[in-house]
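Please look over the sequence and the 3D structure shown here, and then follow the paragraphs below from the overall build of one chain to individual residues and ligands.

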Amino acid sequence: MAQLIKNRTATLDTWKTLEIVEDETPENVELPTGDVIFPLAVWQARKAEIISCHKRIGLLIDSNERIEDVADDLEYFVVIAVNFPKFVDGRGYSTAALLRQRYHYQGEVRAVGDVLHDQLFYMQRVGFDSYALKDGKDVVYALQKGFTTFGETYQAATDQPQPYFRRRA
Amino acid sequence: MYKYDAIDRQLVNERVEQFRDQVRRWKAGELSDDEFRPLRLQNGLYIQRHAPMFRIAVPYGMMNSARMRKLASISQKYDRGYGHFTTRHNLQLNWPKIEDVPDILAELAEVEMHAIQTSGNCLRNITTDQFAGVAADEIIDPRPLAEILRQWTTFHPEFAFLPRKFKIAISGTKDDRAVTWFHDIGLHLQQRNGEVGFRVIVGGGLGRTPIRGEVVREFLPWQHILTYCEAILRVYNRQGRRDNAFKARIKILVQALGIEAFTKLVEEEWAQTKDGPATITQAEFDRIAAHFAPPAYEKLDEPELPFEKSFKNWADRSIHPHKVPGYAAVTLSLKKHGVAPGDISAEQMLAVADLADQYSFGELRVSHEQNIILADVKKSDLYEVWQKAKAAGLATPNIGLLTAMICCPGGDFCDLANAKSIPIANAIQARFDDLDYLFDIGEIDLNISGCMNACGHHHVGHIGVLGVDKNEAEFYQVTLGGRQGNDARLGKVIGPSFAAEEMPDVVDKIIKVYLEHRHADERFLDTFDRIGLDPFKNRVYEGRAHGKAKAAQPEAA
Ligand code: HEM
Ligand code: SF4
């Protein structure tokens, strides 16, 4: 199990993520009850059904999927999990930045997949606020060091919309 | 030159501590090799043939004497007393220990230097014209905007894990000297109706698929350069290929979409962020530009230069016109015959630092041709500068000539190499060691890469030499007619490749064809453009079945 960091504390993850296994398709997979994070394809195929039987809905978006495709649905999601299949696949940073900066999504944006200590600082900057730290990695150390690597930043980003040059005295 | 403020300093210091911690966790097994690799690359650390290789940034080529002295001492303390200037405003050390790199970074930070993003699939060091701010043909000094871009690229959170490396070059002159047509983004500063802006070029690159960049925007007012670059990068970050490293550069995306469709995506993206907070303010521009204010030039007359032949030879090659009367920009050659092109010893670094202090306001530049520039030398001091440079082995009068070649580290150091490149460079230098002959041949760029990654810019050499692998043996393919500058283009392959020992003869034959055919005042390139490839090809392959390699060698890769 990945270890969840949320609001800069280690937290218990109350969500389960629907996985599609062999022989299942987004159309026929059984929808579990409870707080579920649904893959984008399942959401697209079964939107009405999901809305009718789930109060709290999560979305899983993979690195090759486009947030634009569900831009009109964002209000339904309590959490959007952005998957990093490998930590060097940087597409999720743009996904999170778009969610926050363009679509002004206010819910939880969670990094899942190959989420490692040394990417937390950047993830926080683009707009993630929860992180499923990869199994076997040191959560305590991540909390201690991972978010405070740099005390200042040059660029405008989600966490600081004003670039440093506009904040100079 | 730009001086760090408290924040700039804090950030590089924090970077040193971050990397120290990463090295520690890697040694402790908390970070796997795969997890550590991109982290060390983004701090300039490669693992190569003999040892790690460490790449230090010289942002847009600007240096001063204190930095050069620090590099000298680092190269002595942690390496073997020399370094290698690359084609991208970086200094490479060939033999450091990984464990020492955090300490090296800490020492670099003392003189406002770093190795941030000098490697890896991220926004790399910004490069520009080595004569920026002093060139007589300059329209706009690119350095303030280069510094603004440097800060923007530094730890950009959204673009630290791109599909592939990303290189930006800026030029502010009529004659492009920054190879802008062959960068991921090339920027030409220009003036239009009194307004300053950029021509924005994307999708150029050398490497195994050399492509000349294309214009995405003819004119972009300078205030928008950060938002516009962000739009380009966002499109690339999301859509660039990640399934195949050889097809991951932005040039492949631009080719796949076509420049119109790509431009449309960028413009749509930009429409959303245009005029946002990342738009550069005049106050910020002025603050940065103040760092590049001209030094205290004296009012000087044009002096009469001494008429000593060897001085004159050197001055003819090494002096670049300066915009202030009585001053000149001087190129110190790192292309001494018999030495690896671009290599500089610690003693030479110290000599260069002294020269900068005595004759050039303490400042220095490095060029993408792998030489060092003293940008502000009084012409009346030239003779002294020459004598001191000569004593330090830095006054080979070959700038712009055949033996001042660009050359990558090649098979002597690089794991990716098909063939060695330094010995080829040295063999050609030995063949053309006669200065009168070298001068007679005139201006010519010879560029050598040890493999198709093209670190030695072979595609844009008038003569390009590329190491290829034929059944495990080292061979060299020759191209002619490539060039950098406004009319940048790729060279044409002359035919089947050659063995190492043939190379000096091959170059000699090419030169002979030129000398026999040239009209008065024609440079090599002019003659080549007039007579075409065939006369060269015929001579080089004379006595062989036409167009065939000497023995029954398998075809080149
Ligand atoms: C020995 C360590 C080095 C390694 C492993 C290395 C690796 C590479 C690779 C793989 C590419 C191809 C990138 C692509 O096509 O996507 C490349 C391109 C390039 N490298 Fe190097 N390189 C090394 C040293 C150097 C040095 C010493 C220089 C300068 C002399 C240099 C400058 C460049 C330039 C200018 C390009 C091509 C331009 C472009 O990116 O399109 N590299 N390098
Ligand atoms: S061109 Fe090839 S051999 Fe030369 S440094 Fe680059 S990767 Fe190595």
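Helices and strands are taken here as DSSP runs, a helix having at least four residues and a strand at least two, and they are numbered from the N terminus. Counted in this way, chain A of this predicted model contains 5 helices and 8 strands. Followed along the sequence, these elements of chain A come in the pattern β-β-β-β-α-β-β-α-β-α-β-α-α.

The overall form of chain A can be described by several values. For its 169 residues, a compact globule would be expected to have a radius of gyration near 15 Å, and the 17 Å of chain A agrees with this. The C-alpha trace of chain A spans about 55 × 35 × 25 Å along its principal axes. Of the 169 residues in chain A, 53% count as buried, while the accessible surface of the chain comes to about 7,800 Å², with 48% of that surface belonging to carbon and sulfur atoms. When the contacts in chain A between residues at least 6 apart in sequence are considered, 48% of them join residues at least 24 apart.

In chain B, a convenient place to begin is strand E3, which covers residues 62-64 and includes B:Met62. The relative accessible area of B:Met62 is 2%, and therefore this residue is buried, the limit being under 20%. Although B:Met62 and B:Met1 are 61 residues apart along the chain, their C-alpha atoms are separated by 7.1 Å. Apart from residues up to four places away in sequence, B:Met62 touches B:Met1, B:Arg67, B:Arg143, B:Glu363, B:Leu364 and B:Arg365.

B:Asn64 also has its place in strand E3 of chain B, and with a relative accessibility of 18% it counts as buried. The side chain of B:Asn64 reaches the backbone nitrogen of B:Arg67 at a distance of 2.8 Å. Once neighbours within four places in sequence are left aside, the residues in contact with B:Asn64 are B:Met1, B:Gly362, B:Glu363 and B:Leu364.

The next residue to consider is B:Ser65, which is found in helix H3 of chain B, a helix made up of residues 65-78. B:Ser65 is buried, its relative accessible area being 8%. Its contacts, not counting residues up to four places away in sequence, are with B:Ala353, B:Ala356, B:Asp357, B:Gly362 and B:Leu364.

Two residues of chain B have a backbone feature that deserves attention. B:Phe361 lies in the loop between helix H11 (346-359) and strand E14 (363-366) of chain B, and it has a positive phi of about 55° although it is not a glycine. At 38% relative accessibility, B:Phe361 counts as partly exposed. B:Glu112, found in the loop between helix H4 (101-110) and strand E6 (127-128) of chain B, is likewise not a glycine and has a positive phi of about 60°. With a relative accessible area of 18%, B:Glu112 is buried.

Helix H10 of chain B, residues 309-318, shows how a helix can be covered by other elements: its buried residues include B:Phe311, B:Asn313, B:Trp314, B:Ala315, B:Arg317 and B:Ser318. An α-helix has 3.6 residues a turn, so residues three or four places apart point the same way. Among the elements that cover the buried residues of helix H10 in chain B are strand E11 (319-321), strand E12 (327-332), helix H12 (382-391) and helix H14 (435-441) of that chain.

The ligands remain to be described. Which residues come nearest to ligand 1? Of the 24 residues around ligand 1, they are B:Lys165, B:Lys167, B:Leu206, B:Arg249 and B:Cys455. A polar side-chain atom of B:Lys167 lies 2.8 Å from an oxygen atom of ligand 1, and a polar side-chain atom of B:Arg249 lies 2.9 Å from an oxygen atom of the ligand. In the case of B:Leu206, a polar backbone atom is 2.8 Å from an oxygen atom of ligand 1. The shell around ligand 1 divides into 8 nonpolar, 10 polar and 6 charged residues.

Ligand 2 is surrounded by residues of chain B, among them B:Cys408, B:Cys414, B:Cys451 and B:Cys455. In the shell around ligand 2 there are 8 nonpolar and 4 polar residues, and no charged ones.

Notes. Residues numbered from 1 in each chain as written. Chains lettered and ligands numbered in written order. Predicted model: local features only at pLDDT ≥ 70, side-chain atom pairs only at ≥ 80, totals over all residues. Heavy atoms only, no water. Near = heavy atom within 4 Å. Polar contact = N/O pair within 3.5 Å; in protein donor to acceptor, adjacent residues only side chain to side chain. Nonpolar A, V, L, I, M, F, W, Y, C, P; charged D, E, K, R; others polar. Buried < 20%, exposed > 50% of the residue type's maximum accessible area, 1.4 Å probe, protein only. Contact = heavy atoms within 4.5 Å. Rg over C-alpha atoms; globule rule 2.2 N^0.38 Å. Areas by Shrake-Rupley, 256 points an atom, 1.4 Å probe, with all protein chains shown as cover.
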